[in-house]
Amino acid sequence: MTLLVGYSAGGSADYAARVVASELSKKLGRSVIVENATGGSGMIALQKLVNGKADGATLYYGGHDTVAVPMLNKSVGIDWKEATLPVGRTALTSMAIAVPSDSPYKTLADLVAAAKASPESVTYGTPGIGTAQHFVGEMISHRAGVKLLHAPYRGGAQVSNDILAGLLNSAVFTTSTALPFVKEGKVRVLAVTSAERSAALPEVPALTEIEGFNGLALPLWQGIFVKAGTDTAAAKAISDAIAASLENEDVKKRLADGGFVASPLPMGDFTGFIEKQAEVYGQIVQDSAISIE
């Protein structure tokens, strides 16, 4: 079996996929080989799934990009509800709104106040247009009634380099990416985007706790998909194996070490979860008029 990952080896998605694939192989009694099909904001891997056979032998490790990128770029032409069958959620993490450690902004309210005082002067870096990190920045801008200046990069490494060099006012990272910089005292996290505080950063408020942002959360999720039309019994066997894999204490620990929380959801529930997330993404797209066409 092949597990397609749309991002490069060594990244956070690749890390989590490999942790899950290792245990999934044991549960299914078949080798599950991770293949990095990079490019197109994850769409190369998704296209490869869609172009393949609906036999359950090819899996796709997806998340926010699976749903959001086709919203932003109509030329992708893939509707996840028609083209895929979500078989199991694997993990959740948060994103972190961070500033350099010597930044004058001590809270998110400070950052917002600066943006109000001087529109489009406060920058936030992300790995690119249409990424989950970009969605966070636009969501905050819209809710706060300010215009943060988006600085899109061609990957997270460049964002890290420039915020550490003081060339960015702020950045949106995955929490797992931010953690080493926090431990080294190089950045300060102002808020995380999960519905609750991150166990890895318990002193940092969740966005929804902060006045003006109540009820606002955008978790970063991951899960496994097969091609639509895959035999229901085969898909359920994969779904059950994913859930069993995530009960393994070593898998939970390894995911936690990478900043993730093992968060299994079976087939039907996972689809329902994605549908609700899609509504949130659609609203952000409408409010901010993001496009990558």
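# Exercises on two open sheets and an aromatic cluster

Ala91 stands opposite Gln222 in E10. The model is a predicted one, and the exercises below start from this pair of residues.

**Exercise 1.** Determine which strands E10 is joined to by bridges, and in which direction each runs relative to E10.

Solution. Begin with strand E4, which covers residues 84-93: E4 and E10 are joined by 8 bridges and run antiparallel, and the placing of Ala91 opposite Gln222 belongs to E10 on this account. Next take strand E3, residues 58-63, which is connected to strand E10, residues 220-227, by 4 bridges, again in an antiparallel arrangement. Gln222 in E10 is also the bridge partner of Gly63. Finally, place these strands in their sheet, an open one of 6 strands whose order is E2-E1-E3-E10-E4-E11 and whose pairing is mixed. The edges are taken by strand E2 (33-36) and strand E11 (261-265), each of which pairs on one side only, and from one strand to the next the twist averages 25°.

**Exercise 2.** Decide how far E10 is enclosed by the rest of the structure, and which helices lie across it.

Solution. Of the 8 residues of E10, 7 are buried, so this strand is largely enclosed by the rest of the structure. Trp221 is a clear instance, being buried with a relative accessible area of 1%. Turning to the helices, H1 (residues 12-28) lies across strand E1 (2-5), E2, E3, E4 and E10, and runs at about 160° to E2. Helix H11 (residues 267-288) lies across E4, E10 and E11, with a direction at about 75° to E4.

**Exercise 3.** Describe the surroundings of Asp14 in helix H1 and of Met267 in helix H11, and state for each residue whether it is buried or exposed.

Solution. Asp14, which has its place in helix H1, has a relative accessible area of 4% and is therefore buried. A polar atom of the Asp14 side chain lies 2.9 Å from the backbone nitrogen of Gly10. When residues up to four places away in sequence are not counted, Asp14 touches Val5, Ser8, Ala9, Val34 and Asn36. Met267, found in helix H11, has a relative accessible area of 18%, which is under the 20% cut-off, so Met267 too counts as buried. Apart from neighbours within four places in sequence, the contacts of Met267 are Leu85, Pro86, Val87, Ala235, Lys236 and Ser239. By contrast, Met267 and Leu164 are separated by 103 residues in sequence and by 41 Å in space, C-alpha to C-alpha.

**Exercise 4.** Classify the aromatic pairs Phe173 with Phe181 and Trp221 with Phe270, and explain what the second pair ties together.

Solution. A pair of aromatic rings is described by the distance of the centres and the angle of the planes. The count comes to 6 aromatic pairs. In one of them, Phe173 and Phe181, the distance is 6.0 Å centre to centre and the angle between the planes is 45°, and the pair is tilted; both Phe173 and Phe181 are buried. For Trp221 and Phe270 the ring centres are 5.8 Å apart and the planes stand at 80°, so this pair is edge-to-face. Because Trp221 lies in strand E10 and Phe270 in helix H11, the pair ties together parts that are 49 residues apart in sequence. Phe270 is buried, with a relative accessible area of 0%. To complete the picture, one aromatic cluster is formed by Tyr60, Trp221, Phe225, Phe270 and Phe273, and Arg89 lies over the face of Phe273, at 4.7 Å from the ring centre.

**Exercise 5.** Work out the strand order of the sheet that contains E7, and name the helices that pack on this sheet.

Solution. The sheet is open, has 5 strands in the order E7-E6-E8-E5-E9, and shows mixed pairing. Strand E7 (149-152) and strand E9 (187-192) each have a single partner strand, so one side of each is left without a neighbour in the sheet. The twist from one strand to the next averages 30°. Strand E6 (residues 123-126) runs parallel to E7 and is joined to E7 by 4 bridges, with Leu149 in E7 as the bridge partner of Thr123. Helix H7 (residues 156-164) packs on the sheet and touches strand E5 (95-100), E6, strand E8 (170-174) and E9, its direction making about 140° with that of E8. Helix H8 (residues 175-183) also packs on the sheet, where it touches E5, E8 and E9, and the direction of H8 makes about 115° with that of E8.

Methods: Residues numbered from 1 in each chain as written. Predicted model: local features only at pLDDT ≥ 70, side-chain atom pairs only at ≥ 80, totals over all residues. Heavy atoms only, no water. Pairing = 2+ DSSP bridges. Axes fitted to C-alpha atoms, helices over the stretch in contact; angles between N-to-C directions. Contact = heavy atoms within 4.5 Å. Buried < 20%, exposed > 50% of the residue type's maximum accessible area, 1.4 Å probe, protein only. Polar contact = N/O pair within 3.5 Å; in protein donor to acceptor, adjacent residues only side chain to side chain. Phe/Tyr/Trp six-rings, centres within 6.5 Å; stacked < 30°, edge-to-face > 60°. Lys NZ or Arg CZ within 6 Å of the ring centre and 35° of its normal.
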